[in-house]
Amino acid sequence: MKRFIGYLIGLVLFYAPFALYQKFIFYLLGKKNYADIHDFCLRIPLEHIWRGRIFDQFTIETITMFLFISSAFLLGPFFCGRLCIAGALGEYLSHLIPHKFQINWTRYIDPVPVRYGIFIGFLLSPFIGGYLACAYCNYRLIEAGIFYVFMGERTVLSSSVLFTAVLWLGLFGLFTRGGRGFCNFICPVGAAQNLIHWLGSKFPFVLRLKINHSHCIQCGKCIDQCPMGALQVQKNMLHHHAHHCITCKQCIESCPVKAISYSTEKKSLKHQEVNLCNKK
């Protein structure tokens with residue numbers, strides 16, 4: 001329920017006709033622009049940052065990228081796991097289909113090299129004459145649906161957007177275990193957040209997912225609940241893959257022995273010391 005409320009907040013914050021985040025930033029900057037998803041879209045500044053355009057002037061893109069990078073560094077993929085309605089929609093739709101009709105992609109394909117490979121191609125595309133930020137924009141597709149529901153406005157959908165809808169909500173949504181196939185393999189925003197989070201996790205004061213292997217009974221409940229397939233048992237031990245985890249905390253909620261936590265390195269060490277004292 002907490003995650004669901006968070007995704008609704010994300011919907012109101014970032015998508016027109018609400019777009020409260022964009023409108024608030026425009027107010028601070030003294031502008032009166034009409035706000036829509038393009039002002040917030042994280043894919044556009046990811047491309048601009050490599051060309052130096054994002055630092056040309058103090059804009060909503062500059063502010064958004066600072067918040068995006070700092071939150072991913074300190075908290076993990078906060079946007080993906082708590083605010084991104086685009087990722088959540090595929091996840092929630094996947095609950096409508098029985099598991100036997102769904103593909104567990106992470107069992108057959110390691111998403112990490114695929115998602116980072118696509119991310120690198122995405123960043124390099126402007127230098128070879130391409131522009132992929134809007135080519136597969138599920139953010140814009142959601143906003144078009146909101147306009148239709150609340151304002152009766154119909155938006156003409158291009159073939160690339162329709163293909164994105166089929167891929168995002170169909171193959172990688174309904175028919176994917178966890179419903180996050182688009183997030184796992186294609187979305188550059190998720191790849192960027194995980195890369196930043198991985199770098200941040202090298203510092204002891206940064207929040208990260210921790211597994212207490214002495215408590216883990218390998219019941220598999222956390223694996224079943226993880227929408228990203230970021231938890232697997234390897235060599236009789238539960239492993240967490242930070243490069244495609246969205247820190248949604250589903251695993252923490254499902255663990256019957258509380259063997260998984262979301263904390264800093266210092267807090268984890270103190271927790272282990274307390275457990276050792278209790279055992280003695």
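**Exercise 1. In this predicted model, decide whether E143 is buried or exposed, and then examine its salt bridge with R140.**

Solution. We begin with E143, which has a relative accessible area of 1%; since buried means under 20%, E143 is buried. The next step is to look at the partner, R140, which at 27% relative accessibility counts as partly exposed. The two residues form a salt bridge in which the closest N and O atoms are 3.4 Å apart, and this fits the cut-off of 4 Å for such a pair. Finally, we place the pair in the chain: E143 and R140 both belong to helix α10 (residues 138–151) and, being three residues apart, they are separated by about one helical turn.

**Exercise 2. Find how many salt bridges a search of the whole structure gives, and work out which residues are linked in a network.**

Solution. Side chains of opposite charge can pair when their charged atoms come close. The search of the whole structure finds three salt bridges, one of which is the pair E143 and R140 from the previous exercise. Another joins E91 with R3, with the closest N and O atoms 2.9 Å apart. Because E91 lies in helix α7 (residues 85–93) and R3 lies in helix α1, this pair ties together parts that are 88 residues apart in sequence. E91 also forms a salt bridge with R180, where the closest N and O atoms are again 2.9 Å apart. This pair, too, links distant parts of the chain, for R180 is in the loop between α11 (159–174) and α12 (181–185), 89 residues from E91. Putting the steps together, R3, E91 and R180 are linked in a network of salt bridges. As for their surroundings, E91 is buried with a relative accessible area of 4%, R3 is buried with 11%, and R180 is likewise buried.

**Exercise 3. Describe how helix α1 and helix α2 are arranged, and say which residues meet.**

Solution. Two packed helices are described by the angle between their axes and the distance between the axes. For α1 (residues 2–14) and α2 (residues 20–28), the axes come within 4 Å and cross at roughly 45°, and the two helices are therefore oblique to each other. On the side of α1, the residues taking part are V12, L13 and F14, and these meet L20, Y21 and Q22 in α2. Sorted by class, this contact has five nonpolar residues, one polar residue and no charged ones. In the loop between α1 and α2 we find P17, and the peptide bond leading from A16 to P17 is cis, with omega near 10°.

**Exercise 4. Follow F14 into the largest nonpolar core, and state how many residues that core has.**

Solution. The largest nonpolar core has 52 residues, and F14 is among those with the most contacts inside it, together with Y15, L46, F79, Y139, I142 and V189. If we leave aside the neighbours within four places in sequence, F14 is in contact with A19, Y21, Q22, I37, F40, F79, L83 and E143. There is also a second, separate core of 17 residues, which includes I211, C222, M228 and Y262.

**Exercise 5. Locate K235 and K258, and describe the phi angle of each.**

Solution. K235 lies in the loop between β2 (231–233) and β3 (238–240), and has a positive phi of about 55° although it is not a glycine. K258, in the loop between α15 (250–254) and β4 (260–263), has a positive phi near 55°. K235 is exposed with a relative accessible area of 85%, and K258 is exposed with 58%.

How values were computed. Residues are numbered from 1 along each chain as its sequence is written. This is a predicted model: local features need pLDDT of at least 70, side-chain atom pairs count only at pLDDT 80 or more; totals for chains, interfaces and linings use all residues. Side-chain values use heavy atoms; hydrogens and water are left out. Axes are lines fitted to C-alpha atoms, for helices over the stretch in contact, and angles run from 0 to 180 degrees between N-to-C directions. Angles under 35 degrees count as roughly parallel, over 145 as roughly antiparallel, 65 to 115 as roughly perpendicular and the rest as oblique. Contact means heavy atoms within 4.5 Å. Ala, Val, Leu, Ile, Met, Phe, Trp, Tyr, Cys and Pro count as nonpolar, Asp, Glu, Lys and Arg as charged, and the others, Gly among them, as polar. A salt bridge is a side-chain nitrogen of Lys or Arg within 4 Å of a carboxyl oxygen of Asp or Glu. Buried means under 20% relative accessible area, exposed over 50%, partly exposed in between (1.4 Å probe, protein chains only). A nonpolar core is a set of buried Ala, Val, Leu, Ile, Met, Phe, Trp, Tyr and Cys residues joined through side-chain atoms within 4.5 Å.
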